[in-house]
Amino acid sequence: MKLFAAILTLVPALLAPVLNAQSNTGAVTGEVTDLHQALIPGAKISIVNSSTNATHAVSTNEHGVYNVSSLQPGRYRITAGKPGFQESVIESIEVQTASTVTADIMLHVGSETTKVSVTSSSSELLTKDSPTLNTTVESKMLEDLPMPDRTALGAVLLAAGVQGDPQYPGGVQSEMGSQFTQNSTPGGSLSISGSRPGTSSILVDGSDTTLASFPRTGVTFSGTTQREITVQQNGLPAQYGRTGGGIINQSTRGGGNEYHGNVSWFHTDPSLQSHQFGSISPPSKHQNMFGMAAGGPLILPSLGANGRNWWSGRDHSFFFVSVEPLRQSDNVFQRGRIPTPDELKGNFNYSLEFLNQGILNAQGTDAAVAARKAQLAQGTGPGVPGIYYQTALNANGFPTGPLLASTRYVPVPNNDLSKQLSQNKAAQQVFSYFPTPSKPTRYVIFDRPDGLPTNDGNNAYLARGVSNSDNRFSIRQDNNFRGTDTLNARYTYVPVSSLRSDLFGPDSPAERIFTDTISSRNIILNETHSFSGNKVNEFRASYTRASQARLPNPASLKADFGAQLGLLPSALGIGFPQISNLAGVTVGTQQNNGPGTTLDVNLGFADDFSITLGSHVLKFGGEMRSLQMNRVDTAGLYGGAYGFTPNRTGAAGQSGTGLATFVLGLTSSFTVRPEAVRFYYRWAYAAGYLQDDYRLTRKLTLNFGLRYNLETPRREKYDRQGSFDPTVTGTLNGLPVQGAFAFSGQNDRGRGLWPTNFMGFEPRIGFAYAPFNNMTLRGSYGLMHTPLTGLGNLITPDLSSPNVTLGGTSGCVNSAAYCDYITNPFLPVSGIVPRKGPLFQFPGTTNLPYVDQSNKVPYVQLYSIALQFQLGQGLVFEAAYSGQKGSHLFSTPLNFNQPTLSNITGAIRAGGAPERHIR
């Protein structure tokens, strides 16, 4: 697959192209010369952070070049001097996330006590030493951009070559849930340089926070907490890997020597919004975003002899804390149908199914009702729409025994089942949850006071709403020790809850829409040590834990409502069973759309060491990551799903109504799962690299890198996964067969889904040429392996007990009679899928996976060429061409178990059945 992106940008100072660095830290490099452009070795260089006074001291080497790496993003002051020369000071050098600033310094001959001060120039916007295509969105812009919620990640779309998802405000989904139940995947839809969405790495403070299930970032940050974002595209150095197109590198704010703080409130009020054209309801979006942040030197009580003194952390220890609660709610109304007041009393004379649809559509409700009255006045019988008994009845009027022949169906007098309804505890309780015109709620707007349907067959506007809460906070501490060590640590917690509802409302146990709760934690620890000379070591540790729970409405989890209704108890002892076909409405917990819990863990350690040797800036190091996705699927465990087809209460060849079928208890289908199993998926990743940025001449820098990485395919802690193996032989029903499902770790198979690929070499080459002070030409080529994670949170195969579908005459007490939850209830369902193989039988309701046992893994090749021009103060023009070629990329699942056309035609000619193959 080839993807190309042509990038043509005009970049102002606040959206500046910058040169690559390592992790999220930056670097400053340059040469020191005299007035005649002669290089000066041995010059003393001091780089001081303007906020914290953290100082880094180095000397120029024999080539007059200095390099200081692992600098926290921020503003710096550079001082250069040497005996016989005046001291030179450059103020306000801005070091950005994952950037290297080239700051050349000129020394004038004179007294050492004389200082020459200059202000940082816009020439730093040019990238003179690296081929990396980078763009940084700075703190001021992050604060000022009108983000729709607490996620500032959408700012990456300001970078050329980055595409988002247009269905979300700002192009990037946040943790905030909408009225509908798509999964929350912030950052998962981003594409960089034409890469596949979700394959790019998302870093925070130098550590990866991408989750293993959905390729989303584990935590997001607001513009208040986040200092800046850098998008690193083609030309990545060897330090970076496990990406399919680029790196989103974020840095959070830290404290300084000055106290700073802010309090903010952003409010969206329905009364201040315009009424949407065509909507019957006024705007309902209500949002409050509160923000409180503070930072500065840390003050602690003294531990010395005089304990009443306080120790000030000025120049040594700093803090930054942010607390940002959010509350948001919104409703949309859609046309729909719910039971009428008469239907809820058991009277179905004027149900939609029995009205003349042509008259209703053309002439309206009153004309259709009048035509129905005239029809009923002529009597009931064969051919007249209405409610019919299709079985024999017991003394209480409920069905018993098998279905009768259609010619023996008996019409229900006056289509009235109120007698049966008065004896049906389940129907009474379910019907009590429905609103009516005389018992209104704010979630339903009826068309008519009698609740009858109008021309379109619907009778109301039905709400679909969501209520979000977010109580995030972040705490960071930075420390400077002895002038050679810096240590920073941060803890971020983002708990988000999205309570959804439809016509029943969020407090009703009958509510069918899932609630999403996401709790994410991110902990980072970074330590940087400066050795004598131009040698720096940076160690990073990070831990991201994200728990995602998609569960039924909280009100439905307070009891086992299935048992209360007289249905089968829930396998979990809680929940409301799904009851469908009730006049177009489904009551109770949905059984699809992924209910369950997912726990993602991303634990990583990395170390980088850099050293300047002559014209070479060398960097080498490595990283290790342990990734987990722990998943339990709870579909079918909250009491199952009951279906009541209208055909079981209709005349011969005509439809009845599902409401009447429910009142009589006739259950056409019952789908349930008796138990679920947790699955513990694991991945391991390790990498090492060497990078050499070689300044061949004063105008030309060559970049060489080699990375080796190793990522294991997915494993399951208890080997509860596997693949179809066409070579396995055995017996089934006493007959020899070939082909079976083989578990990982059995039948001479490894524990991974496929063999591990050990050829993870990734070469990187590039150049940066600056023929003039206002121009650079850069190019690059690199190979990178994409993540083996991020394919979703569904279990394949789900070796829990499969869903069992019963109904009709299957699975109930009396197999000779039609299933009825009142007179002929279902038997308890049990059964466990074997977890030792091979399996020559596989549940028909579960997909049988087949994974090619090749060790080929996805990788991409990226190449680019870029030209930069300095047009004036703070303005750079950049034109770049970026290309990408992907190989062995993941595809959507394909159904291989289908015969070819020639196989089918051959079998037809032979008079037999086509053979089925796994190909």
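# A guided tour of the predicted model

Begin by selecting Val263, Met292 and Val323, which form a nonpolar surface patch of about 280 Å². A patch consists of residues with over 30% relative accessible area and no salt bridge, with like charges joined within 9 Å and nonpolar side chains (Val, Leu, Ile, Met, Phe, Trp, Tyr) within 5 Å. Accessible areas come from the Shrake-Rupley method with a 1.4 Å probe, and for residues only the protein chains shown count as cover. Salt bridge denotes a side-chain nitrogen of Lys or Arg within 4 Å of a carboxyl oxygen of Asp or Glu.

The model is predicted: local features need pLDDT of at least 70, side-chain atom pairs count only at pLDDT 80 or more, and totals for chains, interfaces and linings use all residues. Residues are numbered from 1 along each chain as its sequence is written, and side-chain values use heavy atoms, with hydrogens and water left out.

Within the patch, centre the view on Met292, a residue of strand 20 (residues 286-297). Helices (H or I, at least four residues) and strands (E, at least two) are DSSP runs numbered from the N terminus. Met292 has a relative accessible area of 42% and is therefore partly exposed; buried means under 20%, exposed over 50%, and partly exposed in between (1.4 Å probe, protein chains only).

**The whole chain**

Now zoom out to the full protein chain. The C-alpha trace spans about 115 × 70 × 65 Å along its principal axes. The chain contains nine helices and 48 strands, and 55% of its 919 residues count as buried. Its exposed area is about 37600 Å², of which carbon and sulfur atoms supply 57%. Among contacts (heavy atoms within 4.5 Å) with a separation of 6 or more, 72% join residues 24 or more positions apart.

**Helix 4**

Next select residues 365-377, which make up helix 4. Its 13 residues should span 18 Å at 1.5 Å a residue, and the end C-alpha atoms are 18 Å apart, which agrees. The expected span is 1.5 Å times one less than the number of residues. Colour Thr365, Ala368, Val369 and Arg372, the buried residues in this helix. Viewed down the helix axis, the buried residues fall within an arc of 100°, so they line one face of helix 4; the arc is that of the directions from the helix axis to the C-beta atoms. An α-helix has 3.6 residues a turn, so residues three or four places apart point the same way.

Rotate to the other side of helix 4, where Asp366 and Ala377 are exposed. Then show helix 3 (357-363), which is included in what covers the buried residues of helix 4. Just after helix 4, stop at Gly379, which takes a positive phi of about 100°.

**Two buried positions**

Select Thr786, in the loop between strand 45 (775-785) and strand 46 (804-806). Thr786 counts as buried because its relative accessibility is 7%. Leaving out residues up to four places away in sequence, Thr786 touches Thr243, Gly244, Glu711, Pro858, Tyr859 and Val860.

Move on to Val632 in strand 36 (residues 616-633). Val632 is buried, at 9% relative accessibility. Neighbours within four places in sequence aside, Val632 is in contact with Pro595, Gly596, Thr597, Ala676, Val677 and Arg678. To see a separation in sequence set against one in space, add Leu599: Val632 and Leu599 are 33 residues apart in sequence and 9.2 Å apart in space, C-alpha to C-alpha.

**Salt bridges**

Side chains of opposite charge can pair when their charged atoms come close. By the rule given above, the count comes to 34 salt bridges.

Start with Glu94 and Arg227, whose closest N and O atoms are 3.3 Å apart in a salt bridge. This pair links distant parts of the chain, 133 residues apart: Glu94 belongs to strand 8 (residues 87-95) and Arg227 to strand 17 (residues 226-232). Glu94 is buried, with a relative accessible area of 18%.

Then select Lys140 and Asp144, a salt bridge with the closest N and O atoms 3.5 Å apart. Because they are four residues apart in helix 1 (residues 139-144), about one helical turn separates Lys140 from Asp144. Lys140 is partly exposed, at 47% relative accessibility.

Asp516 and Arg550 come next, their side chains meeting in a salt bridge (2.7 Å, N to O). The pair links distant parts of the chain, with Asp516 in strand 31 (residues 515-531) and Arg550 in strand 32 (residues 535-551), 34 residues apart. Both Asp516 and Arg550 are buried.

End the tour at Glu31, Asp129, Arg695 and Arg698, which are linked in a network of salt bridges.
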